Amino acid sequence: MIDKLKPLVIGDIEVKIPIVQGGMGVRVSLASLASAVADYGGAGTISSVGLGFGSEDHERHFVKASNEGLEKEIDKAKALTKGVIGVNIMVALSNFEELVRTTARRKADYIAAGAGLPLKLPEYVEGSSIKLIPIVSSARAADIIMRTWKKRYNRLPDAIIVEGPLAGGHLGFKFEEVESKRENVLEDLFVDVLKRVRQYEKDFNVNIPVIAAGGVFDGKDAAKYFRLGARGVQLGSRFVVTHECSVAHEFKELYLKAREEDIVIIKSPVGMPGRVIRTKFVDRVMSGERVPVKCLYRCLKTCVPKTTPYCIAKALYAAAEGDIDNAVVFAGSNVSRITKIVSVKELMDEIVEDAIKELAIT
């Protein structure tokens, strides 16, 4: 039954099941999760942020430790599956270029780049066949990227992910936009981006699949975006509560216990709002408490250690390790709907089967 959905075709890469597992950091979506998704037929994404944490003296040798950690995860994933494996890299990272070059060198299938406009991304992968997928939150951002890449590098994105304000983690919207309860935001945003992309496809005779993300929870949601013209959908939070996700059990338990009122928006030191589950640490920072930062390497371009209210990287790392009281735990707006831990296969079977039923495919 699962082969009844149209595959997601990105250049010369075919993702048999048009489901992309979103990149989640710090150390949430690693090789074990990404390879399981890819092995099923979807696109598995490793998050590149914070992979140096836990290594010896990682702060003094941050770039080296990060590159080595990323190489390890890519190699591990590729050893576990013949499926499609990509890497999510935040433009906001100060070692963005190094991580991009490492990813291309280790021959991952694609790079998904958000948390900023990846205007120089093609420059860092010159000579590589790796596919480039910007993550955007507006039609204007998509247009700027496509126009800039075409002018500077005579190329266009291989696909585009449109992420709405219901996603977990860092969000490319203003604080008030994220807090707004307006319905159909992703639908409207997706249609606007798709119109802009269709014009570029027509003008330059190319194929740029558009992928919907941010609030996609089940097969019914997936079917809605397929009808609107999406070639694929991306999910993040639901993959956290799978056996293959390597975060601590306490992290998964927090997801299972989360109620709708436990989901809040914080101002992240990255400079973007972020959707999180309430923890003791989150309550402290929301009350205005400053958690002193000792940092030998500024991992975020926008971070000023002397004035930043807290270290987001360390708080996210604490989450992955299960130290929930000192953690920031990112989650999508639908996390309260998650009720049990399942395997990647069980989750994807459910999403695919429900999408097929919704689309009335026989």
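Which segment holds lysine 6? Lysine 6 sits in the segment before β1 (8-10). In this predicted model, the residue is exposed, with a relative accessible area of 73%. Exposed here means over 50%, so lysine 6 qualifies. Its C-alpha lies 7.9 Å from that of arginine 231, although 225 residues separate the two in sequence.

## Overall build

The protein contains 13 helices and 14 strands. Its radius of gyration is 19 Å, close to the 21 Å that the globule rule gives for 362 residues, so the protein is as compact as a globular protein of that length. The C-alpha atoms fill a box of roughly 55 × 45 × 40 Å along the principal axes.

Of the 362 residues, 58% count as buried. The accessible surface is about 16,100 Å². Carbon and sulfur atoms account for 48% of that surface. Contacts often span long stretches of chain: among those between residues at least 6 apart in sequence, 67% join residues at least 24 apart.

Charged side chains number 52 positive and 47 negative. The centres of the two sets lie 4 Å apart.

## Strand β7

Strand β7 covers residues 131-136, and six of its six residues are buried. In a regular strand the side chains alternate between the two faces of the sheet. Both faces of β7 are covered. Lys131, Ile133 and Ile135 are buried on one side. Leu132, Pro134 and Val136 are buried on the other.

Which strands pair with β7? One is β6 (residues 110-114), joined to β7 by four bridges and running parallel to it. Tyrosine 110 stands opposite lysine 131 in this pairing. The other is β8 (residues 160-163), also parallel, with two bridges to β7. There, valine 136 has valine 162 as its bridge partner.

## Helix α12

Helix α12 runs over residues 312-321 and is mostly covered, with seven of its ten residues buried. Which residues are they? They are Ile312, Ala313, Ala315, Leu316, Ala318, Ala319 and Ala320. These buried residues pack against two strands and two helices: β9 (169-170), β14 (329-330), α10 (249-257) and α11 (280-286). Glycine 322 follows α12, and its phi is positive, near 95 degrees.

## Backbone details

Where does the chain hold a cis peptide bond? One joins glycine 25 to valine 26, with omega near 5 degrees. Valine 26 belongs to the loop between β3 (19-21) and α1 (31-40).

Two asparagines have a positive phi, a value noted here in residues other than glycine. The table sets out their backbone angle, place and accessibility.

| Residue | Phi | Loop | Relative accessible area |
|---|---|---|---|
| Asparagine 154 | near 55 degrees | between α5 (139-153) and β8 | 57% |
| Asparagine 205 | near 55 degrees | between α7 (185-204) and β10 (210-213) | 73% |

Are these two asparagines buried or exposed? Asparagine 154 counts as exposed because its relative accessibility, 57%, is over the 50% cut-off. Asparagine 205 is exposed too, at 73%.

Key: Residues are numbered from 1 along each chain as its sequence is written. This is a predicted model: local features need pLDDT of at least 70, side-chain atom pairs count only at pLDDT 80 or more; totals for chains, interfaces and linings use all residues. Side-chain values use heavy atoms; hydrogens and water are left out. The radius of gyration is taken over C-alpha atoms; the globule rule is 2.2 Å times the number of residues to the power 0.38. Buried means under 20% relative accessible area, exposed over 50%, partly exposed in between (1.4 Å probe, protein chains only). Contact means heavy atoms within 4.5 Å. Accessible areas come from the Shrake-Rupley method with a 1.4 Å probe; for residues, only the protein chains shown count as cover. Lys and Arg count as positive and Asp and Glu as negative; His and the chain ends are not counted. The place of a charge is taken as NZ of Lys, CZ of Arg, CG of Asp or CD of Glu. Two strands pair if DSSP finds at least two bridges between them.
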